Amino acid sequence: MKEIEIWIDEYHKGSRFGLNGKVLLKKNSKYQEILIIENEYYGKALMLDGCWMTSLRDEKYYHECLVHPALSSLDQKSNILIIGGGDGGTARECIKYSQITKIDLVEIDKEVIKASKTFLQEIGGKAWNDKRLAIHIEDGVKWVEKAKDNFYDVIFIDCSDPSELSNFLFTDSFYKECKRILTKNGILATQSESPESFKKIHIHILKSLKKIFKVSDTMYSFVPIYPSGIWSWTFASKEKLDLSNKNCKEVAQIEKDCEIWNLSFQNAAFKMMPNKIVKALDS
Ligand code: SPD
């Protein structure tokens with residue numbers, strides 16, 4: 001008998017972004033609905049509460065852009081914090097850097113990690129067995145509040161779109177707490193939504209980070225399964241932000257390993273701010 005294939009859509013302001021395939025998992029955790037579908041082109045894909053999070057085919061567009069601009073540019077990098085990131089993709093990119101000694105991955109929903117380890121094993125890959133990775137099932141906001149001053153070299157915010165569950169991760173008070181726990185030259189690296197489909201929150205994130213941190217910069221690229229496809233990542237630091245990767249010994253090897261990211265891709269991506277966003281930031 002042919003397995004049943006259905007369309008699963010993310011609805012967004014009167015548009016829908018869908019994948020067709022066989023549903024491998026659909027369950028409600030304490031926090032959200034978790035759905036995994038297997039699509040002919042994108043492979044297995046994860047949706048949380050009706051929003052696409054990642055797919056095997058396009059996840060590298062997202063994870064490589066979140067991780068490498070920050071890690072390849074920092075001379076000192078021992079302690080890393082990942083807020084969210086329960087699919088393991090951000091951790092997988094982090095473990096490529098030998099200097100890192102500890103990665104705290106703080107994910108509120110243990111069921112996301114369980115589903116990812118079961119169905120999306122390739123995304124976390126070797127990270128799940130890397131001794132430097134410590135998984136904490138906890139609210140990222142509380143974790144940050146409890147963390148010591150000047151402790152983390154990089155904080156990655158790998159969260160969902162704003163919702164009841166994640167709203168606080170987009171607030172000034174959360175960003176200020178992140179600043180407090182970053183080392184002097186540390187970097188906050190956050191997914192910063194879409195300048196097209198999430199324009200209002202995108203501008204809010206960029207303005208907040210500019211106000212709170214001494215320096216910040218945004219890169220644009222694509223995540224094909226997200227609404228509108230265009231996406232952004234923003235990097236902020238309390239002292240200096242030099243994302244030119246000049247001292248990173250591992251960068252050549254990491255470029256070879258990556259599917260999307262390389263230095264010229266990154267350089268172009270930091271110059272891609274749409275003019276309507278430039279104008280909105282100026283006003
Ligand atoms: N529109 C979806 C935004 C989700 C960003 N986080 C994705 C998690 C991948 N690790």
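This briefing walks through a protein model, from its strands to its ligand and a few chosen residues. The model is predicted. An open sheet of 7 strands forms one part of the structure. Helix H1, residues 59-71, lies across several of its strands. The ligand has the protein around it, which buries 98% of the ligand's area.

**The seven-stranded sheet**

- The strand order is S8-S7-S6-S9-S10-S12-S11, and the pairing is mixed.
- Strand S8 (133-137) and strand S11 (215-222) stand at the edges. Each has a single partner strand, so one side of each is left without a neighbour in the sheet.
- From one strand to the next, the twist averages 15°.
- Strand S10 covers residues 182-191, and strand S12 covers residues 230-237. These two run antiparallel and are joined by 4 bridges.
- Ala189 stands opposite Phe235 of S12.
- In a regular strand, side chains alternate between the two faces of the sheet.

**The helix across the sheet**

- Helix H1 lies across strand S6 (79-84), strand S9 (152-158), S10, S11 and S12.
- H1 runs at about 160° to S9.

**The strands at the start of the chain**

- Strand S1 (residues 6-12) and strand S2 (residues 15-28) run antiparallel, with 7 bridges between them.
- One pairing to find is Ile8, whose bridge partner in S2 is Leu19.
- The hairpin of S1 and S2 has 2 residues between the strands. Lys13 in this hairpin takes a positive phi near 45°.
- S2 also pairs with strand S3 (residues 33-39). Again there are 7 bridges, and the strands run antiparallel.
- Val23 stands opposite Ile37 in S3.
- The hairpin from S2 to S3 passes through 4 residues.

**The ligand and its surroundings**

- Which residues are around the ligand? They are Trp52, Met53, Tyr62, His63, Asp87, Asp158, Cys159, Asp161, Gln191, Tyr226 and Trp231.
- A side-chain N or O atom of Asp87 is 2.6 Å from a nitrogen atom of the ligand.
- Asp161 also offers a side-chain N or O atom, at 2.9 Å from a nitrogen atom of the ligand.
- Cys159 uses its backbone instead: an N or O atom there lies 3.0 Å from a nitrogen atom of the ligand.
- Taken alone, the ligand exposes 340 Å², and the protein buries 98% of that.

**Gln191, beside the ligand**

- Gln191 lies in strand S10 and is among the residues around the ligand.
- Is Gln191 buried or exposed? Its relative accessible area is 1%, under the 20% cut-off, so Gln191 is buried.
- Its side chain makes a polar contact with the side chain of Glu193, at 2.8 Å.
- Beyond its neighbours up to four places away in sequence, Gln191 touches residues including Tyr62, Cys159, Asp161 and Trp231. Those four are also around the ligand.
- Other contacts of Gln191 include Leu66, Ile157, Phe170 and Trp233.

**Trp233, in strand S12**

- Trp233 sits in strand S12.
- Its relative accessibility is 0%, so Trp233 counts as buried.
- Trp233 and Thr190 are 43 residues apart along the chain, yet their C-alpha atoms are separated by 5.6 Å.
- The side chain of Trp233 reaches the backbone oxygen of Tyr62 at 3.4 Å.

**Ser221, in an edge strand**

- Ser221 is found in strand S11, which stands at an edge of the sheet.
- Ser221 is nevertheless buried, with a relative accessible area of 1%.
- Leaving out residues up to four places away in sequence, Ser221 touches Tyr61, Cys65, Gly229, Ile230, Trp231, Trp233 and Phe265.

**Leu243, in a loop**

- Leu243 is in the loop between S12 and helix H8 (251-257).
- What is the relative accessibility of Leu243? The value is 11%, so Leu243 counts as buried.
- The C-alpha atoms of Leu243 and Ala70 are separated by 6.8 Å, though the two residues are 173 apart along the chain.
- Apart from neighbours within four places in sequence, Leu243 is in contact with Pro69, Ser73, Ile187, Phe235, Gln266 and Phe270. Phe235 is the residue of S12 that stands opposite Ala189.

Notes:
Residues numbered from 1 in each chain as written. Predicted model: local features only at pLDDT ≥ 70, side-chain atom pairs only at ≥ 80, totals over all residues. Heavy atoms only, no water. Pairing = 2+ DSSP bridges. Axes fitted to C-alpha atoms, helices over the stretch in contact; angles between N-to-C directions. Contact = heavy atoms within 4.5 Å. Near = heavy atom within 4 Å. Polar contact = N/O pair within 3.5 Å; in protein donor to acceptor, adjacent residues only side chain to side chain. Areas by Shrake-Rupley, 256 points an atom, 1.4 Å probe, with all protein chains shown as cover. Buried < 20%, exposed > 50% of the residue type's maximum accessible area, 1.4 Å probe, protein only.
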